[in-house]
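Good morning, colleagues. Please take a moment to look at the sequence and the model, and then I shall walk you through selected parts of them.

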Amino acid sequence: MLVLALSDAHIPDRAVDLPSKFKKLMSIPDKISQVAVLGNSSNSAQFLKFVTDITSNVHVVRGEFDNASIPVVQPARVPIFKSGATDKIERPTRVELPLNTVFTQGDFKIGCCSGYTVVPKNDPLSLLALARQLDVDILLWGGTYNVEAYTLEGKFFINPGSCTGAYNTDYPVFSDILGNTQKDEKEKENTEEQLNKGQLESKKELLVSDLDLNGSNVPSFCLLDIQGPTCTLYIYLFVDGDVKVDKVVFEKQQ
């Protein structure tokens, strides 16, 4: 069975819906046993219903732009409880969203959080400290809108990116897009002299894509196939209308 990791949908604020090819892949029956929603995805009842239609085992954590609680999408799947005051059987109508949560799949303990609670943001050592605090083998986190996967000190860290390609208000960071554009004064003077002498036809144009300029990201999500002590991570990217897949294998240390 598979674990589906989604993050930063931002429906309907910054995106209309998931790519249709993504929805088709996620809707294969009896394949996905658990879903982790890693923040900024709770403002659309339609999106939450789509997720709960995949499986009833859904783990949602609060993102930077989420409310503290969300309405129950499918009340029939929420356990009933007795009210202490009236002894009346009731079903809760809202669910509180935790900042972190932990669940188990096979031999792995998996932790979930949204990246805005990590300081410094997206810092590997801070994420490692959180993974140790939660005592997990795999840490799923969101909030950066870009897919990442790496190992550190025997733990696996996975960021599925934005499942809709929603834009990030922290992006673009032009130093990242343009690279190190700082030149020393001597190098600048040499370039200007060459231009004046006609030795260079024109200044080199730096091409930055529309995605970089408007802050949008490539839609992505992750599937974790866990078999015993082995986690095979499948990274799905929606690029130019096509779905591209990459694979990473992680072995749990015994």
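I begin with one pair of residues: Cys-112 stands opposite Leu-140, and Leu-140 belongs to strand β10. Please bear in mind throughout that what you see is a predicted model.

Let me stay with these two strands. Strand β9 and strand β10 run parallel, and five bridges join them. Together with helix α3, β9 and β10 make a β-α-β unit, and that unit is right-handed.

On its other pairing, β10 (residues 138-142) meets strand β12 (residues 155-160), again in the parallel sense, over three bridges. Leu-140 appears here as well, standing opposite Ile-158 in β12. For Leu-139, the bridge partner in β12 is Phe-157.

Is β10 enclosed or open to its surroundings? Five of its five residues are buried, so β10 is largely enclosed by the rest of the structure. As for the directions of those residues, Ile-138, Leu-140 and Gly-142 point one way from the strand, whereas Leu-139 and Trp-141 point the other way.

We can now place these strands in their sheet. The sheet is open, has five strands in the order β8-β9-β10-β12-β11, and shows mixed pairing. At its edges stand β8 (100-105) and β11 (147-152); each has a single partner strand, so one side of each is left without a neighbour in the sheet. From one strand to the next, the twist averages 20 degrees.

Which strands does helix α3 lie across? Helix α3, residues 124-134, lies across β8, β9 (108-114), β10, β11 and β12, and runs at about 115 degrees to β12.

I turn next to charged pairs. As a general remark, side chains of opposite charge can pair when their charged atoms come close. A search of the whole structure finds six salt bridges, and I shall describe some of them.

One of them involves the region we have just discussed. Lys-109 forms a salt bridge with Asp-135, with the closest N and O atoms 3.6 Å apart. Lys-109 lies in strand β9, and Asp-135 in the loop between α3 and β10, so this pair ties together parts that are 26 residues apart in sequence. Lys-109 counts as partly exposed, because its relative accessibility is 30%. Asp-135 is also partly exposed, with a relative accessible area of 49%.

In another salt bridge, the side chains of Lys-252 and Asp-137 meet at 3.5 Å, N to O. This pair links distant parts of the chain, 115 residues apart: Lys-252 is in the segment after β15, and Asp-137 is in the loop between α3 and β10. Is Asp-137 buried or exposed? Asp-137 is buried, because its relative accessible area is 17% and the cut-off for burial is under 20%. Lys-252, at 24% relative accessibility, counts as partly exposed.

A further salt bridge joins Lys-21 and Asp-242, whose closest N and O atoms are 3.6 Å apart. Here too the pair links distant parts of the chain, since Lys-21 is in helix α1 (residues 20-26) and Asp-242 in strand β15 (residues 242-251), 221 residues apart. Lys-21 is partly exposed, with a relative accessible area of 39%. Asp-242 is likewise partly exposed, with a relative accessible area of 43%.

My next residue is Ile-54, which lies in helix α2, residues 45-54. With a relative accessibility of 18%, Ile-54 counts as buried. Which residues is Ile-54 in contact with, leaving aside its neighbours within four places in sequence? They are Leu-4, Met-26, Ile-32 and Val-35. For Val-35, which is 19 residues from Ile-54 along the chain, the separation of the two C-alpha atoms is 8.2 Å.

Finally, let me give the totals for the protein. The protein has six helices and 15 strands. There are 254 residues, of which 41% count as buried. If we take the contacts between residues at least 6 apart in sequence, 61% of them join residues at least 24 apart. The accessible surface comes to about 14,200 Å², and 50% of that surface belongs to carbon and sulfur atoms.

To close, I return to the starting point: Leu-140 in β10 stands opposite Cys-112 and opposite Ile-158 in β12, and Leu-140 is buried. Thank you for your attention.

Conventions. Residues numbered from 1 in each chain as written. Predicted model: local features only at pLDDT ≥ 70, side-chain atom pairs only at ≥ 80, totals over all residues. Heavy atoms only, no water. Helix = DSSP H or I, 4+ residues; strand = E, 2+ residues; numbered from the N terminus. Buried < 20%, exposed > 50% of the residue type's maximum accessible area, 1.4 Å probe, protein only. Contact = heavy atoms within 4.5 Å. Pairing = 2+ DSSP bridges. Axes fitted to C-alpha atoms, helices over the stretch in contact; angles between N-to-C directions. Right-handed = clockwise from strand over helix to strand, strands pointing away. Areas by Shrake-Rupley, 256 points an atom, 1.4 Å probe, with all protein chains shown as cover. Salt bridge = Lys/Arg side-chain N within 4 Å of Asp/Glu carboxyl O.
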